[in-house]
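Here are my notes on the model, as promised. Have it open while you read.

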Amino acid sequence: MDYKVKNKLNNLLRAVEFEREEERERHHYEMQHLTGYQREKKGRAIIDLHKKSAGRLITGEYLYQFKKKGTIESEITVGDQVIISQHSPMDKNNPNGIVYELKKKSITVALTKQLRMTNANPIRIDLSVNDTTYMRMEEALLRMKSLEYSKFHTIFSGQYKVSTNPSHHVHYDLNTIQNDGVNLAYNCNGFYSIQGPPGTGKTFTAAHLIKDIIESGKKVIISADSNAAVDHLIRHCILLGLDPLRIGNPIRVNEDLKPYTLDYKVFHHALYEEISQNQTLLDLLKEEQSTMKRPEAKDTRGYSYSELVQLLETNQSGRGLSKMQIREMKPFLKVQKKIDTLYHKIQTMKQEIQEYLLMKHPLIATTNSTAGSMILDAMHFDWAIIDEAAQASMPSALIPISKANRFVLIGDHYQLPPVVLNEEAKELGLDQSLMDYLADLYPYFMTRLTKQYRMHHVINDLVSNMFYNGELIPDASVKNRRVLKGQIIDIHHVEGEEMMQKDSKSFYNDLEIDKVAEVINYLFDQGIQSNQIAVISPYKAQTRKLQGLYPTIEIDTVDAFQGREKDVVIISFVRSNDHHTLGFLTDFRRLNVSISRAKSKLILIGNIKQLKQNRMYRDLLDYINLLE
């Protein structure tokens, strides 16, 4: 293996460990040193909850709904792993669950076991660290170090002789550049990238590539870092007549796509009725056993129930256990044997159905992390297609890539990179995506989509000139789209004062909040509806304050709003200080995402004098003056 490749993989292994420890320490420190109220203010806990049972899922998990008198405002989202507690959240015996549903005043959590807590004391829910993803990233990096992946080593070193030839396969619902991207990717000999600037239809293009590969008789795994991105890609595939099999916890899958999940298909398989009958028998046996005296730990001498059953049937004694003592456990152990037999039968049948479905479906869809799950452990694919690849760290992307002969990366490395908390992990390269890394090594093996279907031509030209060498072209259908008369881009200079939120590094600016409110009220007066407006800001503290004022308007951070769009977008820059410090506002990718969310109207609010101190923002303001 090339020294450069070996060193890179080793650095990434170290980076993953640094990041894991950083996340774990942050959560543990907060849970130890902050009150529940303080952690709730940070968005990483929900306190003063009361529970009620909400039934069970077809996959067996128990659902519990936790209600709060006030409104829930939290970072915790559907699919997150959480800790449920009534006293100390650090207690190792606290149950863990996965968030199933989140409403204004309630959160529903799925647990593998019944929750024994009562409502005698308030219940607290804390965001937890999901260690599984880190383990799978490490496993992928270790696999990549083996000789089996020599082809990838060559690609990673920059020495691979990449080749691709465009075919003449034409998709009439794709534009010329999209067609070229699909054909070049389809004919690559190892990997290819398709860069999709804002509004250019990269996921739509990806779905056509996937269809071409499936129709050629190949097996494909499609993935992305987030469940939302996977589901978005699946919908495009379904519209083209494909039948993806969605792997992963159904809790994390949108309701409209549940029929495509593996668990749903297992449940509706012809053989599942027999499984259901056996499960009913199993529940009856467990109920019968619950009335019997359960052997205590001191009596079993460390033996499992299965081992005790074997000793009973062979009429043997065990260490510290006489034959008489074992025979006294006979009623309980006889039922336990039936339980074990039934359980094994149920699991075997489920596994056989799963294996059949996995073999039958040529298109498997999952998150990057779940691509490393045990259920896919023995599977190998002809292709791996990764959407939103620029937002995935290299170790994350390598999980599905390690299972395929060829791979295609689809995303935009000019937009936001992977989120990394630990500074040492950043120095070791964890915040650089594989897409960005390979774009530097192989700049000519990437198609940039250039026709966009989102933005008015003024906003398009601003984004295009700032970040894409003037190559973006608005489609005729959006070129002159408007919701208001007057200028397309408005700038409001506000010399407010930034303030740091207590117990947080996030900033807010009250004078800018007042200006945002003034602008929103003006938009309402002009007939613009709440669902047409978005307010975004680089700082969470600012968005939280605004969310309290306008609950019907979509208000979020720039990072959270990537991939979304609105007719009117208001950006609050927040920073205003004597030192002219802009912090991470100077990241060109964050600015790119910010100004490319608007379809018809873009409104910028901030300390323009301070922004002008930075070259990138001077260019931004100069372009706006020229365009308008």
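**Notes on strand 6 and the cores**

1. Start with a pairing: Ile-84 has Ile-125 as its bridge partner in strand 6. The strand on the other side of that bridge set is strand 3 (residues 81-85), which runs antiparallel to strand 6 over 4 bridges. Strands pair here if DSSP finds at least two bridges between them; strands (E, at least two residues) and helices (H or I, at least four) are DSSP runs, numbered from the N terminus.

2. Before going on, remember this is a predicted model, where local features need pLDDT of at least 70 and side-chain atom pairs pLDDT 80 or more, while totals for chains, interfaces and linings use all residues. Numbering runs from 1 along each chain as its sequence is written, and side-chain values use heavy atoms, with hydrogens and water left out.

3. Strand 6 also pairs with strand 1 (residues 45-56), again antiparallel, over 3 bridges. There, Ala-45 is matched with Asp-126.

4. Is strand 6 (residues 123-127) buried or exposed? Buried, for 5 of its 5 residues (under 20% relative accessible area with a 1.4 Å probe, protein chains only; exposed is over 50%, partly exposed in between). Arg-124 and Asp-126 point one way, and Ile-123, Ile-125 and Leu-127 the other.

5. The largest nonpolar core (buried Ala, Val, Leu, Ile, Met, Phe, Trp, Tyr and Cys joined through side-chain atoms within 4.5 Å) has 64 residues, with Phe-152 and Leu-438 among those with the most contacts inside it. Helix 13 (residues 330-360) gives the largest share, 8 residues.
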